Amino acid sequence: MKLNCFPYKLPFKSPLKASHKTYQYRKGLIYSLSEGDKKWYGEAAPLPGFSAETTADILDLAEKHGSHWKELLSEDKPVALLSDYYLKADLPPSLKFALDSLAYQLEAHHEQKSVADRLFNNSAPEVAVNGVISLLQDEDIFEDIKKLIRQGFGTLKCKIGLNQERELKLLSAIRKQYPELNIRLDANRAWTFEEACSNLSALEPLDIEYCEEPLAKPSPRRYSELQQRTDIALALDESLTAADKKNEALLPYCSVSILKPMVIGSFQDIFQLSEQASRFNTKVVITTSLESGIGRTITALLASGLGSPDLAQGLNTASLLENDFLPNKPVVEKGSIASGRLFPIAVESHKFNQFSNGPTISA
């Protein structure tokens, strides 16, 4: 068995602007595990602004410990072995996500199961996904919305928090023209408490599905107060980065938990956050972290088992990248992803050289 680590750098088609960050490209690492003619892939791609670690941190760990990871993955039950290893080793979340991705694929192969059956007792055969629209673009936004609707999307996500006056005007026009469209918003922690109260009040007539991360400084007290001050459902994203008591304290005051598997880390931590949300009757949306098609594929599978079936999941980010290992995958048809078509993952080997951002590390 051989384990390789490939650093990559993929440019976005155009800069992606959030309230506190502009992304020009996506950097990360692809892990390839091979045994004979079989290959399995995982991805570790820390998301700047969300992840505490960097790709350099993970590369350093791969050089020091890659041989040990290969030994763990070579055993019959790598999932349990890695879980024990995480208790002793201080590994960053995105690296645990990559290693667990490999371990679950391996165990599914050994048990002659699909990866979905190895992970879940029941998973959805199809996962609805949301479309994404930028309110900053100068082009005709309504043409993009028409295109998404023709493609079968029923939910639209818009990032806000940069220009409230412009955003409110555009959202009002969108709602007037498309009364049946689900509209969800992501403020990316752009507002003070007072701004959040005012801005959400102005948005209430637009029948917003939910607003994600409205508060710059989240706390249980502030979310409790905000929940009482607005009729718009509140959602948490970057506030939920690990399964701990601090995060659990926020859950009673939100209606939706947005889980980014790449940022959260191990599959066990992802499952625990989903279970915590369930205890508080909080719905779950699984979303990508703007990673490559390899990470998106694994995230889509997690969405099929953990995402709330009545909500579109945040998986439609393939079109944002100029190049990719798996361009336009997972395939979105009629606004949904067929989970049964996600695996096996097959990557053309030349693309590792094409998108390389440094030397390969082998173990």
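How many bridges join β12 to strand β13, and in which sense do the two run? I looked this up to open my notes on this predicted model. I found 2 bridges between β12 and β13 (residues 336-338), and the strands run antiparallel.

**Entry: the small sheet**

I checked one bridge by residue. V332 has I337 in β13 as its bridge partner. I then traced the sheet around this pair. It is an open sheet of 3 strands, in the order β4-β13-β12, and the pairing is antiparallel. I noted β4 (126-128) and β12 (332-333) as the edge strands, since each pairs on one side only.

**Entry: the start of the chain**

I moved to β1 (residues 2-17) and β2 (residues 22-35). I counted 12 bridges between them, in the antiparallel sense. L3 has L33 in β2 as its bridge partner. Next I followed β2 onward to β3 (residues 38-44). This pair is antiparallel too, with 7 bridges. Here S34 is matched with K39 in β3. I looked at the link between β2 and β3 and found a hairpin with 2 residues between the strands. In its turn, G36 has a positive phi of about 65°. I kept a general point beside this entry: side chains in a regular strand alternate between the two faces of the sheet.

**Entry: the cores**

Which residues have the most contacts inside the largest nonpolar core? I found Y31, I174 and L203, in a core of 110 residues. Helix α3 (residues 93-110) gives the most to this core, with 9 residues. Apart from it I found another core, of 6 residues, including Y210, V256, I258 and L311. As a general note, nonpolar side chains tend to be buried together in soluble globular proteins.

**Entry: K96 in α3**

I picked K96, which lies in helix α3. Is K96 buried or exposed? Its relative accessible area is 14%, so I list K96 as buried, the cut-off being under 20%. I listed its contacts beyond four places in sequence: Y86, L91, G265, S266 and D269. I also took the C-alpha separation of K96 and E143. They are 47 residues apart along the chain and 40 Å apart in space.

**Entry: α3 against α11**

I compared α3 with helix α11 (residues 267-279). Their axes come within 9 Å and cross at roughly 100°. The two helices are therefore roughly perpendicular to each other. From α3, I saw K96, F97, D100, S101 and Y104 meet F267, Q268, D269, I270 and F271 of α11. By class, this contact has 5 nonpolar, 2 polar and 3 charged residues.

How values were computed: Residues are numbered from 1 along each chain as its sequence is written. This is a predicted model: local features need pLDDT of at least 70, side-chain atom pairs count only at pLDDT 80 or more; totals for chains, interfaces and linings use all residues. Side-chain values use heavy atoms; hydrogens and water are left out. A nonpolar core is a set of buried Ala, Val, Leu, Ile, Met, Phe, Trp, Tyr and Cys residues joined through side-chain atoms within 4.5 Å. Buried means under 20% relative accessible area, exposed over 50%, partly exposed in between (1.4 Å probe, protein chains only). Helices (H or I, at least four residues) and strands (E, at least two) are DSSP runs, numbered from the N terminus. Contact means heavy atoms within 4.5 Å. Two strands pair if DSSP finds at least two bridges between them. Axes are lines fitted to C-alpha atoms, for helices over the stretch in contact, and angles run from 0 to 180 degrees between N-to-C directions. Angles under 35 degrees count as roughly parallel, over 145 as roughly antiparallel, 65 to 115 as roughly perpendicular and the rest as oblique. Ala, Val, Leu, Ile, Met, Phe, Trp, Tyr, Cys and Pro count as nonpolar, Asp, Glu, Lys and Arg as charged, and the others, Gly among them, as polar.
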